[in-house]
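Visitor: I'd like to walk through this one with you, strand by strand and helix by helix. Can you take my questions as they come?

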Amino acid sequence: LFAGDIYGRSGREALAKYLPILQDRLNPDVVIVNGENAAHGRGINEKICKEFYEIGVDCITTGNHIWSQRDVIPYAQSSKRLIRPINYPPGTPGKGLCELRLTDGRILKVINAMGRVFMDPLDDPFRVMNEVMEREELGRTAHAIFVDFHAETTSEKMAFAYNFDGKVSAVIGTHTHIPTADARILEKGTAYLTDAGMTGDYDSIIGAEKTVPIQRFVTKMPSDRMRPAGGEGTFCGAL
């Protein structure tokens, strides 16, 4: 079970409210969430990570806001279950791959990668993922390989999924906070969804209160920092 970007307090409350219900109803083997916006809409910290683990989350993926809360840096360096995009340059704190072992012995590898179109100029995610695939193989090193591809454009997400079709179990997109209706199984067996959406208040602009984003578009002037919308959150993701 994968939950899209957890955005602010509304997203955290929605996760805490609905995850136990979904666990009871769906009985997932593993719960993965993207937590890069969990701390007031930008970044995540150790306290929130531990809260997520306590309610049943097994692995937390992130994206371009991974370092927005500076105190997460030492935690990311030591944590095995909080991962950042694997195509950050060598020497960046943290890891881009998490290994989860189920009670029955099955192994799941969770990989976080980030696109470059309209995003930070990181290392090439295709090249870095190819290097990972030289070490990882479905049926040999893992029973399943799940990829959270954090990217802006639909085309880059689709290209990434088709490029690794048959080599990974699933490529699920995050970052745009808008759920897409294109869930499918690709020709060689990889599950694909362009964007899992956001877990947060949808009476918002991608999770933020509406005033500041509108002001920025209308005036093209600097404005206050965006604040997370505080209404009731919706759990959005994929099984």
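Visitor: Which residue in the turn of the hairpin formed by S5 and S6 has a positive phi?
Guide: Keep in mind that we're looking at a predicted model. S5 and S6 form a hairpin, with 5 residues between them. The two strands pair in the antiparallel sense over 5 bridges. In the turn, the residue with a positive phi, about 100°, is Gly105.

Visitor: And what is the bridge partner of Cys98 in S6?
Guide: We're still on the antiparallel pairing of S5 and S6, which runs over 5 bridges. Look across from Cys98 into S6 and you land on its bridge partner, Val110.

Visitor: How many of the residues of S6 are buried?
Guide: In a regular strand the side chains alternate between the two faces of the sheet. On one side of S6 there are Ile107, Lys109, Ile111 and Ala113, on the other Leu108, Val110, Asn112 and Met114, and all are buried. So both faces are covered, and the count for S6 is 8 of 8.

Visitor: What is the order of the strands in the open sheet of 6 strands?
Guide: The pairing in this sheet is mixed: S5 and S6 are antiparallel, while S6 and S7 run parallel, joined by 7 bridges. S7 and S8 also run parallel, with 5 bridges. Put together, the order is S5-S6-S7-S8-S10-S9.

Visitor: Which strands stand at the edges there?
Guide: An edge strand here has a single partner strand, so one side of it is left without a neighbour in the sheet. That applies to residues 97–101 and to residues 184–185, in other words to S5 and S9.

Visitor: Which residue of S8 stands opposite Asp148?
Guide: S7, residues 144–150, is joined to S8, residues 170–174, in parallel. S7 is mostly covered, with 6 of its 7 residues buried. Opposite Asp148, in S8, stands Ile172.

Visitor: Is Ile145 buried or exposed?
Guide: Ile145 is in strand S7, where its bridge partner is Lys109. Contacts further off in sequence include Leu108, Ile111, Met133, Leu138 and Val168. The cut-off for buried is under 20% relative accessible area, and Ile145 has 0%, so the word is buried.

Visitor: What separates the C-alpha atoms of Ile145 and Glu99?
Guide: Along the chain these two are 46 residues apart. In space, their C-alpha atoms are separated by 9.4 Å.

Visitor: Which strands does H4 lie across?
Guide: H4 runs at about 160° to S6. S6 is one of the strands it lies across, and the full set is S5, S6 and S7.

Visitor: How do the axes of H4 and H5 cross, roughly parallel or roughly perpendicular?
Guide: Two packed helices are described by the angle between their axes and the distance between the axes. For H4 and H5, the axes come within 11 Å and cross at roughly 25°. Angles under 35 degrees count as roughly parallel, so H4 and H5 are roughly parallel.

Visitor: Which residues of H5 make the contact with H4?
Guide: The crossing is right-handed. From H4 come Pro125, Phe126, Met129 and Asn130. By class the contact has 5 nonpolar, 2 polar and 1 charged residues. The H5 side is made by Glu156, Ala159, Phe160 and Asn163.

Visitor: What are the edge strands of the open sheet of 4 strands?
Guide: The order there is S4-S3-S1-S12, with mixed pairing. Within it, S1 and S3 pair in the parallel sense over 2 bridges, and Phe2 stands opposite Ile32. The edge strands each pair on one side only, and they are S4 and S12.

Visitor: Is Phe118 buried or exposed?
Guide: Phe118 is not a glycine, yet it has a positive phi of about 60°. You'll find it in the loop between strand S6 and helix H4. Over 50% relative accessible area counts as exposed, and Phe118 has 70%, so it is exposed.

Visitor: What relative accessibility does Ile206 have?
Guide: Ile206 also has a positive phi, about 45°, although it is not a glycine. It is found in the loop between strand S11 and helix H6. Ile206 counts as partly exposed, and the value is 41%.

Definitions and conventions:
Residues are numbered from 1 along each chain as its sequence is written. This is a predicted model: local features need pLDDT of at least 70, side-chain atom pairs count only at pLDDT 80 or more; totals for chains, interfaces and linings use all residues. Side-chain values use heavy atoms; hydrogens and water are left out. Buried means under 20% relative accessible area, exposed over 50%, partly exposed in between (1.4 Å probe, protein chains only). Axes are lines fitted to C-alpha atoms, for helices over the stretch in contact, and angles run from 0 to 180 degrees between N-to-C directions. Angles under 35 degrees count as roughly parallel, over 145 as roughly antiparallel, 65 to 115 as roughly perpendicular and the rest as oblique. A crossing is left-handed if the near helix is turned anticlockwise from the far one by less than a right angle, and right-handed if clockwise. Contact means heavy atoms within 4.5 Å. Ala, Val, Leu, Ile, Met, Phe, Trp, Tyr, Cys and Pro count as nonpolar, Asp, Glu, Lys and Arg as charged, and the others, Gly among them, as polar. Two strands pair if DSSP finds at least two bridges between them. Lists of a residue's contacts leave out its neighbours within four places in sequence.
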